[in-house]
Amino acid sequence: MKRIYLASPFFNAYELSCVQRAEAILQARGFEVFSPRLHEVRDPAVVGMAEWSRETFRSDRDNIDLSDVVVMLYHGAYSDSGTAWEAGYACGTGKPVVAVHVGRGDGGSNLMIHESAVTNISLEELSSYDFDSLPHTAYQGKML
């Protein structure tokens, strides 16, 4: 069974709906999915504290290291810096990154994202993408 790290922002209703949909798709396909959203500490007494920061970072980094593939939900020219870091770290350590383009409109894609990904797909294509052979699909939209 493939272990997938799901990198995604979840700071507004649209981002949350995208990551929940991706979680459901990947889990229904039988993958073991680590989604930071489901593992974060939200206790107001500790959020923002140094130890909370260190532990969150370690957990996310360690789970990227344990994954077979990183799936990144990419919102186009706008991007969450944490999500971009997760994808960059994965790429730098040799993990394949699947960029799932979920941005609204055609704000474009930063070349560092779409060129570092093994493939560029839509959220709809996530339900049938072959995670065993990791076929490449080049990004076709506006490039920044």
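**Note on the predicted structure: cores, salt bridges and selected residues**

1. Leu26 is in contact with Ile4, Leu6, Phe31, Val33, Val71, Leu126 and Phe131, when its neighbours within four places in sequence are left aside. The model discussed here is a predicted one. Leu26 is also one of the residues that touch the most other members of the largest nonpolar core, together with Val71, Leu73, Val100, Leu126 and Phe131.

2. This core holds 21 residues. At least two of its residues are supplied by each of strand S1 (3-7), helix H1 (13-28), strand S3 (69-74) and strand S4 (97-101). Helix H1 gives the largest share, five residues. A further core of 13 residues lies apart from this one, and its members include Ala87, Val97, Ala99 and Ala117. As general background, nonpolar side chains in soluble globular proteins tend to be buried together.

3. Nonpolar side chains may also be considered at the surface. Which residues make the nonpolar surface patch of about 290 Å²? The patch is made by Val41, Val46, Val47 and Met49. Met49 belongs to the loop between strand S2 (32-34) and helix H2 (50-66). Its relative accessibility is 48%, so Met49 counts as partly exposed, since that class lies between the limits of 20% and 50%.

4. The next residue to examine is Arg3, in strand S1. Is Arg3 buried or exposed? Arg3 counts as buried because its relative accessibility is 14%, and the limit for this class is under 20%. Leaving out residues up to four places away in sequence, Arg3 touches Glu32, Phe34, Asn63, Leu66, Ser67, Asp68 and Val69. With one of these, Glu32, the side chain of Arg3 makes a polar contact of 2.5 Å.

5. The pair Arg3 and Glu32 also appears among the salt bridges, of which the count is six. The side chains of Glu32 and Arg3 meet with a distance of 2.5 Å from N to O. Glu32 is in strand S2 and Arg3 in strand S1, so this pair ties together parts that are 29 residues apart in sequence. The partners fall into separate classes of exposure: Glu32 is partly exposed, at a relative accessible area of 38%, whereas Arg3 is buried, at 14%.

6. A second salt bridge joins Arg21 and Glu124, whose closest N and O atoms are 3.3 Å apart. Why does this pair tie together parts that are 103 residues apart in sequence? It does so because Arg21 lies in helix H1 and Glu124 in the segment after S5. Arg21 has a relative accessible area of 39% and is therefore partly exposed.

7. Another salt bridge is formed within one helix. The side chains of Glu55 and Arg58 meet at 2.5 Å, N to O. Both residues lie in helix H2, three residues apart, about one turn of the helix. Glu55 is partly exposed, with a relative accessible area of 38%, and Arg58 is likewise partly exposed, with 33%.

8. His75 is placed in the loop between S3 and helix H3 (81-92). With a relative accessible area of 9%, His75 is buried. How far apart in space are His75 and Gly103? Their C-alpha atoms are 3.8 Å apart, although the two residues are 28 residues apart in sequence. Beyond its neighbours within four places in sequence, His75 is in contact with Pro9, Tyr14, Glu15, Cys18, Val102 and Gly103.

9. Two leucines after strand S5 also merit attention. Leu134 is found in the segment after S5. This residue has a positive phi of about 50° although it is not a glycine. Leu134 counts as partly exposed, at 23% relative accessibility.

10. Leu144 lies in the segment after strand S5 (119-122). Leu144 is partly exposed, with a relative accessible area of 43%. From C-alpha to C-alpha, Leu144 and Asp106 are 11 Å apart in space, and they are 38 residues apart in sequence. Not counting residues up to four places away in sequence, Leu144 touches Ala77, Gly107, Gly108, Ser109, Asn110 and Leu111.

Terms used: Residues are numbered from 1 along each chain as its sequence is written. This is a predicted model: local features need pLDDT of at least 70, side-chain atom pairs count only at pLDDT 80 or more; totals for chains, interfaces and linings use all residues. Side-chain values use heavy atoms; hydrogens and water are left out. Patches are made of residues with over 30% relative accessible area and no salt bridge: like charges are joined within 9 Å, nonpolar side chains (Val, Leu, Ile, Met, Phe, Trp, Tyr) within 5 Å. Accessible areas come from the Shrake-Rupley method with a 1.4 Å probe; for residues, only the protein chains shown count as cover. A salt bridge is a side-chain nitrogen of Lys or Arg within 4 Å of a carboxyl oxygen of Asp or Glu. Helices (H or I, at least four residues) and strands (E, at least two) are DSSP runs, numbered from the N terminus. Buried means under 20% relative accessible area, exposed over 50%, partly exposed in between (1.4 Å probe, protein chains only). A nonpolar core is a set of buried Ala, Val, Leu, Ile, Met, Phe, Trp, Tyr and Cys residues joined through side-chain atoms within 4.5 Å. Contact means heavy atoms within 4.5 Å. A polar contact is a pair of N or O atoms within 3.5 Å; within protein, one must be able to donate a hydrogen and the other to accept it, and residues adjacent in sequence count only if both atoms are side-chain atoms.
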